Amino acid sequence: MSSQMLLHDTHDSLKYKYLLRIPTCPRHMYINIEDIHSSGKEMSGKFCCLLAAVRCVKLTKLIKTKIGKEAFLKEIIVMDKTNPTLVVRIWDKELSERAAQWIPKKTILSFSNLYLEWNVFKKSMTAVVSNKTIITEDPITNEANDLKNYANTHLTGLSTKLNINIPNLSTITDIMTCKRVLVKSNEISRQFTAVLYAIVSKFNIDGLSPLVLTKWQVILLF
C-alpha cells in the first residue's frame, strides 16, 4: 500500500481551521505540574502530556552551547491548578517567534510529548520542547476553558497580594536562614516575614515570583 499528500484544491480551507485547536493528547493522559515537581528526578528523561496556562513569556536569548554553537533560547513559565511554575525551554527559532505572541493569563497550551529534565542549575524539574513535541494553542476543550478562568483569577489575585499586608517593620523579629525560609514556605500557605542576613547571588528581573515582596531601600520580605 502507498499513500500521498495533495493540496486541497478548493477554497473552503477556513472551515477546517478549527482542527488546529483540537489537542492531539487524550485528556486522561495529562499530568499535573505538581506531580512533575514532586517526583524529584524520577521523571527526568521522560515525555509527558500537559495542559497548562502561559504565566510568563521571557525574552529570546542568543547563547552559546557547550560545543561553541550559537542557539536561540526562549523560556516560558506555565502553570496549572496544582502548581504556578514550570519552566519550558524552546530552542527552535521559529517556535520562539510564535511563542512571543502568547499572552499570559489568556493563552492555554496543550503539550504532547513534552520532554522533562532535571535542571542542575535551577535544582528543579524543567521541560523542553523537542522535535517530538506537538503544541496545540487554545485547545477547544472544557478543561482548557476552566484553566483559562482559573489562570485569570489566580494571577489577578497574586498581583493583589503583592501589594498588601506589608507589616510594620519594627514588628519583624524572627531571624531565619535561607534554608529555613524555604522549609517554612512549604509548611504553611499564609504570608510570613523574617529578618534574613544574606548575599544576593542571583536576581531574576524577567520572571514572576510569588514568594518575594520588595520594599525598596528598606527590606526584602519573603
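Good morning. I begin with a cysteine: Cys56 has a relative accessibility of 7%, so this residue counts as buried. Before going further, I should say that the structure before you is a predicted model.

Cys48 gives a matching value: at 7% relative accessibility, Cys48 is likewise classed as buried. How many disulfides does the chain contain? By the distance rule for sulfur atoms, the count is zero. Cys48 takes part in no disulfide, and the nearest cysteine sulfur belongs to Cys49, 6.8 Å away. A disulfide would require the two sulfur atoms to lie within 2.5 Å, which means that a pair 6.8 Å apart does not qualify.

Let me now turn to the chain as a whole. Four helices and nine strands make up its secondary structure elements. In sequence order, these elements follow the pattern α-β-β-β-β-α-β-β-β-α-α-β-β. The chain has 222 residues, and 30% of them count as buried. Its accessible surface amounts to about 15,300 Å², and carbon and sulfur atoms contribute 55% of that area. As for contacts, I consider those with a separation of 6 or more: 61% of them join residues 24 or more positions apart.

The remainder of my remarks concerns one strand, β4, which spans residues 86–90. Is β4 mostly covered or mostly open? It is mostly covered, with five of its five residues buried. In general, side chains in a regular strand alternate between the two faces of the sheet. In β4, one side carries Leu86, Val88 and Ile90, while Val87 and Arg89 are on the other. Both faces are covered, as the residues on each side are all buried. I would draw your attention to Arg89, which is included among these buried residues.

Which strands pair with β4? One of them is β3, residues 70–79, which runs antiparallel to β4 and is joined to it by five bridges. Within this pairing, Val78 stands opposite Leu86 of β4. The connection from β3 to β4 is a hairpin of six residues.

Another partner of β4 is β6, residues 124–129. Here the pairing is parallel and extends over three bridges. Ile90 of β4 has Val129 of β6 as its bridge partner.

To close, I return to two points. The chain has zero disulfides by the rule applied, with Cys48 buried and Cys56 buried as well. Strand β4 is buried along its five residues, pairing antiparallel with β3 and parallel with β6. Thank you for your attention.

How values were computed
Residues are numbered from 1 along each chain as its sequence is written. This is a predicted model: local features need pLDDT of at least 70, side-chain atom pairs count only at pLDDT 80 or more; totals for chains, interfaces and linings use all residues. Side-chain values use heavy atoms; hydrogens and water are left out. Helices (H or I, at least four residues) and strands (E, at least two) are DSSP runs, numbered from the N terminus. Buried means under 20% relative accessible area, exposed over 50%, partly exposed in between (1.4 Å probe, protein chains only). Contact means heavy atoms within 4.5 Å. Accessible areas come from the Shrake-Rupley method with a 1.4 Å probe; for residues, only the protein chains shown count as cover. Two strands pair if DSSP finds at least two bridges between them.
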